[in-house]
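Welcome, and please open your viewer. We will take a short walk along this chain, one selection at a time.

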Amino acid sequence: MHQITQRIHHGLPEKKNEARIVPQSRQKDKGRGGLSFIMRSALRFVFAARRRCVVTLAYFCILIAVFLPLFCAAYAKKAAGFNFAADNRNPRDFLAKTEGRAARANAAQQNSYEVFAPFAAAVLVAHATGGAVQGVINFWALLFVASRLLYIYCYICDKHTLRSLSFTVGLVCIVALFVAAF
């Protein structure tokens with residue numbers, strides 16, 4: 001009896017002459033070659049992935065960090081009197097020749113590019129491991145963006161002590177995100 005129950009449970013025929021029982025959801029549609037089964041499976045996968053994939057505040061902070069160097073470059077060009085028609089052939093040479101606030105904004109741009117990769121990696125690792133509470137990840141990511149905004153302001157305004165302090169806060173945020181991941 002156990003063998004018969006086991007065979008029925010798995011959809012196998014009781015005897016060699018009986019047809020195999022196949023659940024309706026796995027049967028091929030007549031005339032469609034199983035297309036509807038494939039479509040249902042694909043839609044199930046997409047909606048299941050959509051439920052698991054949530055855009056968090058920390059991910060949004062990565063997006064903000066992407067645009068911080070571009071803001072610095074735009075400010076540096078505006079402060080130095082960038083002429084799009086004349087200077088756009090070689091904008092890096094133009095920015096290399098700048099002085100004062102424009103030169104400091106360009107340096108802030110370069111530093112923003114350098115620190116972006118570790119920050120993005122830290123946020124992604126903190127999310128991927130699942131070891132950190134979402135509120136903790138969001139806190140450190142927001143603090144990082146705030147420290148970078150302060151860093152850029154201090155760099156442009158030539159406030160070197162506060163600039164160094166805000167840079168250190170940004171590094172602490174990156175390390176804290178990695179630590180929170182484990």
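Start by selecting residues 101–129, which make up helix α6. This helix has 29 residues, and from its first C-alpha to its last it reaches 41 Å. That is close to the 42 Å expected at 1.5 Å a residue. Keep in mind as you look around that this is a predicted model.

Stay on α6 and click Phe116, where you will find a kink of about 30°. The proline Pro118 follows shortly after the kink. Now step just past the end of α6 to Gly130, which takes a positive phi of about 75°.

**The whole chain**

Zoom out and colour by secondary structure. How many helices and strands does the chain have? The secondary structure comes to eight helices and zero strands, so a cartoon view should show you the order α-α-α-α-α-α-α-α from the N terminus on. Of the 182 residues, 30% count as buried.

**Helix α3 and a nonpolar patch**

Next, select Leu57, Phe60, Leu63, Val66, Phe67, Leu70, Tyr113 and Leu142, and show their side chains. Together they form a nonpolar patch on the surface, with about 710 Å² of accessible area. Which helix gives the largest share of this patch? It is helix α3, residues 57–80, which contributes six residues.

Pick out Phe67, one of the patch residues, in helix α3. Is Phe67 buried, partly exposed or exposed? Its relative accessible area is 47%, so it counts as partly exposed: the value lies between the 20% limit for buried and the 50% limit for exposed.

Move along to Lys77, which also lies in helix α3. Lys77 is partly exposed, with a relative accessible area of 24%. Now add Pro91 to your selection and draw a distance between the two C-alpha atoms: they are separated by 8.7 Å, while the residues are 14 apart along the chain.

**Helix α7 and a long-range pair**

Jump to Gly135, found in helix α7, residues 134–156. Gly135 is partly exposed, at a relative accessible area of 46%. Select Ala58 as well, and compare sequence with space: Gly135 and Ala58 are 77 residues apart in sequence, yet 9.2 Å apart in space, C-alpha to C-alpha.

**Stretches marked in a record**

An unreviewed UniProt entry places the feature "transmembrane region" at residues 53–76, 137–157 and 164–181. Try colouring these three stretches. Over residues 137–157 the chain is 95% helix and 0% strand, and the end C-alpha atoms are 30 Å apart. Over residues 164–181 the chain is 94% helix and 0% strand, with the end C-alpha atoms 26 Å apart.

**Last stop: a loop residue**

Finish in the loop between α7 and α8 (160–180), where you can select Asp158. Asp158 has a positive phi of about 60°, although it is not a glycine. Why is that worth a pause? Because most residues other than glycine have a negative phi. How open to the surroundings is Asp158? Asp158 is partly exposed, with a relative accessible area of 46%.

Conventions
Residues are numbered from 1 along each chain as its sequence is written. This is a predicted model: local features need pLDDT of at least 70, side-chain atom pairs count only at pLDDT 80 or more; totals for chains, interfaces and linings use all residues. Side-chain values use heavy atoms; hydrogens and water are left out. Patches are made of residues with over 30% relative accessible area and no salt bridge: like charges are joined within 9 Å, nonpolar side chains (Val, Leu, Ile, Met, Phe, Trp, Tyr) within 5 Å. Accessible areas come from the Shrake-Rupley method with a 1.4 Å probe; for residues, only the protein chains shown count as cover. A salt bridge is a side-chain nitrogen of Lys or Arg within 4 Å of a carboxyl oxygen of Asp or Glu. Helices (H or I, at least four residues) and strands (E, at least two) are DSSP runs, numbered from the N terminus. Buried means under 20% relative accessible area, exposed over 50%, partly exposed in between (1.4 Å probe, protein chains only). The expected span of a helix is 1.5 Å times one less than its number of residues. The bend at a residue is the angle between axes fitted to the seven residues ending there and the seven starting there. UniProt positions are given in the numbering used here, feature names are shortened, and annotations may be inferred rather than shown by experiment.
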